[in-house]
Amino acid sequence: MPLMRSSRGVIGSPATVRATIVYITGRREPHVDWMTGDLARQIQGGDVLHLVVVDTFGRTPAALGIPSGLFRDVVVTCPKPNIWQGRHRITAVDWWANSNARNTGIVFCKTDYVAFLDDRCHLGAHWLDVVRHGERTRESVIVGAYDKLENGKVTVDHRLRQCPEGRRDCGGGWLYGCTLALPLEWCLEVNGFEEGCDGLSGEDYIFGFMLENNGHRIDFSPPLFVRLERSSLHANTYVRVDKGKSPNDKS
């Protein structure tokens, strides 16, 4: 099973990893440098990491402050053409399209193991240890935990209160938050994140249910941890609408 907390810290740290990190952003100040700075302190000799940044604004690696030498390969790309946002949209303004963004990362993935991250995040001290272990064992989809600092208030992932040591076989409904890791093949089995959720959201746990229905175990692993720092200045301005009224709404 993936790394879990114990009274003595984190258990089960393996040796090396070969994986692609998919980092998605639609913010003017994504702070990729926070992630790369934390990652630089966790990389070990023999690790081979690739980075794919899916950026709504289409910036360059230099403009995003991505350091040279940390990754084997860096790709920065706009989300693939879709109806919700970007040059090919049919909506009047940009809408939420996280499934499309994450699927763009899957398209550009350079390895057979992938880890996803949201923007403006700091990595927990053992984030890469969990990815190493998951890439080696391939026992489960690993779902991480988060804290969110927003306008001076900290929101703690409620799953941490319920299962501070983690939870094996937690089910697809626990696949949400800001980071996860799994074999690329499993993403392809379910055709990636469900793009029917674009414009609405909820794509993360729907992805979890699809993976679970295909026989893949979902494990909640607190050491796969990120801390988000956001404020009203960094608010997501992409439109999200749940069509219809409950109980007859789309969700």
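# A guided tour from helix H2 outward

Begin by selecting helix H2 in this predicted model: Asn98, Ser99, Asn100, Ala101, Arg102, Asn103, Thr104, Gly105 and Ile106 are buried there. Because 9 of the 10 residues of H2 are buried, the helix is largely enclosed by the rest of the structure. To see what encloses the helix, display the elements against which its buried residues pack: strand S3 (18-25), strand S4 (48-55), strand S5 (73-77), strand S6 (113-118), H5 and H6.

**Strand S3 and threonine 25**

From H2, proceed to one of its packing partners, strand S3, and select threonine 25, which is placed in that strand. Is this residue buried or exposed? With a relative accessible area of 5%, threonine 25 falls under the 20% limit and is therefore buried. Show its surroundings next. When neighbours within four places in sequence are set aside, threonine 25 contacts Pro30, Val53, Val54, Asp55, Thr56, Arg59 and Asp119.

**Helix H6**

Now select residues 203-213, which make up helix H6. The buried residues here are Glu203, Asp204, Phe207, Gly208 and Leu211. They span an arc of only 145° around the axis, which means that they lie on the same side of H6. Which elements do these buried residues pack against? The partners are helix H2 (98-107), strand S8 (141-150), strand S10 (179-183), helix H5 (184-189) and strand S11 (218-230). Before leaving this region, select glycine 215, just after H6, where phi is positive at about 90°.

**Aromatic rings**

The structure holds 5 aromatic pairs. Start with phenylalanine 193 and phenylalanine 207: the ring centres are 3.8 Å apart and the planes stand at 25°, so this pair is stacked. The two residues come from distant parts of the chain, 14 residues apart, with phenylalanine 193 in the loop between H5 and H6 and phenylalanine 207 in helix H6. Both phenylalanine 193 and phenylalanine 207 are buried. Add Phe116 to the selection to display one aromatic cluster, formed by Phe116, Phe193 and Phe207.

Next, select tyrosine 205 and phenylalanine 209. Their ring centres are 6.3 Å apart and their planes are at 75°, so the pair is edge-to-face. About one helical turn separates tyrosine 205 from phenylalanine 209, because they are 4 residues apart in helix H6. Tyrosine 205 counts as partly exposed, at 34% relative accessibility, and phenylalanine 209 likewise counts as partly exposed, at 37%.

**Arginines over rings**

Two arginine side chains come next. Arginine 159 lies over the face of tyrosine 176, at 4.1 Å from the ring centre. Select arginine 240 as well: this residue lies over the face of tryptophan 96, and its distance from the ring centre is 3.8 Å.

**The cavity**

Keep tyrosine 176 in view, as it also belongs to the lining of the largest cavity. Rolling a probe the size of a water molecule over the atoms shows where empty space is left. The structure holds 1 cavity of 30 Å³ or more, and the volume of the largest cavity is about 40 Å³. Which residues line this cavity? Select Arg102, Val143, Leu175, Tyr176, Gly177, Cys178, Thr179, Leu180 and Asp204 to show the lining. Two of these residues have appeared earlier in the tour: Arg102 is among the buried residues of H2, and Asp204 is among those of H6.

**Backbone details**

The last stops concern the backbone. Most residues other than glycine have a negative phi, and most peptide bonds are trans. Select asparagine 151, in the loop between S8 and strand S9 (153-156). Its phi is near 55°, a positive value in a residue other than glycine. Asparagine 151 is exposed, with a relative accessible area of 52%.

Continue to asparagine 191, which lies in the loop between H5 and H6. Here phi is near 60°, again a positive value in a residue other than glycine. Is asparagine 191 buried or exposed? Its relative accessible area is 68%, so asparagine 191 is exposed.

Finish at serine 246 and proline 247. These residues are joined by a cis peptide bond, with omega at about 10°. Proline 247 is located in the segment after S11.

Definitions and conventions: Residues are numbered from 1 along each chain as its sequence is written. This is a predicted model: local features need pLDDT of at least 70, side-chain atom pairs count only at pLDDT 80 or more; totals for chains, interfaces and linings use all residues. Side-chain values use heavy atoms; hydrogens and water are left out. Buried means under 20% relative accessible area, exposed over 50%, partly exposed in between (1.4 Å probe, protein chains only). The arc is that of the directions from the helix axis to the C-beta atoms. Contact means heavy atoms within 4.5 Å. Rings of Phe, Tyr and Trp (its six-membered ring) pair if their centres lie within 6.5 Å; planes under 30 degrees apart count as stacked, over 60 as edge-to-face and the rest as tilted. A charge sits over a ring if NZ of Lys or CZ of Arg is within 6 Å of the ring centre and within 35 degrees of the ring normal. On a 1 Å grid over the protein atoms alone, a cavity is a set of points where a 1.4 Å probe fits but cannot get out, and a pocket is an open set with protein on both sides within 12 Å along at least five of seven lines; lining residues have an atom within 4 Å of a point. Grid points are joined across faces, edges and corners, and a volume is the space filled by probe spheres set on the points.
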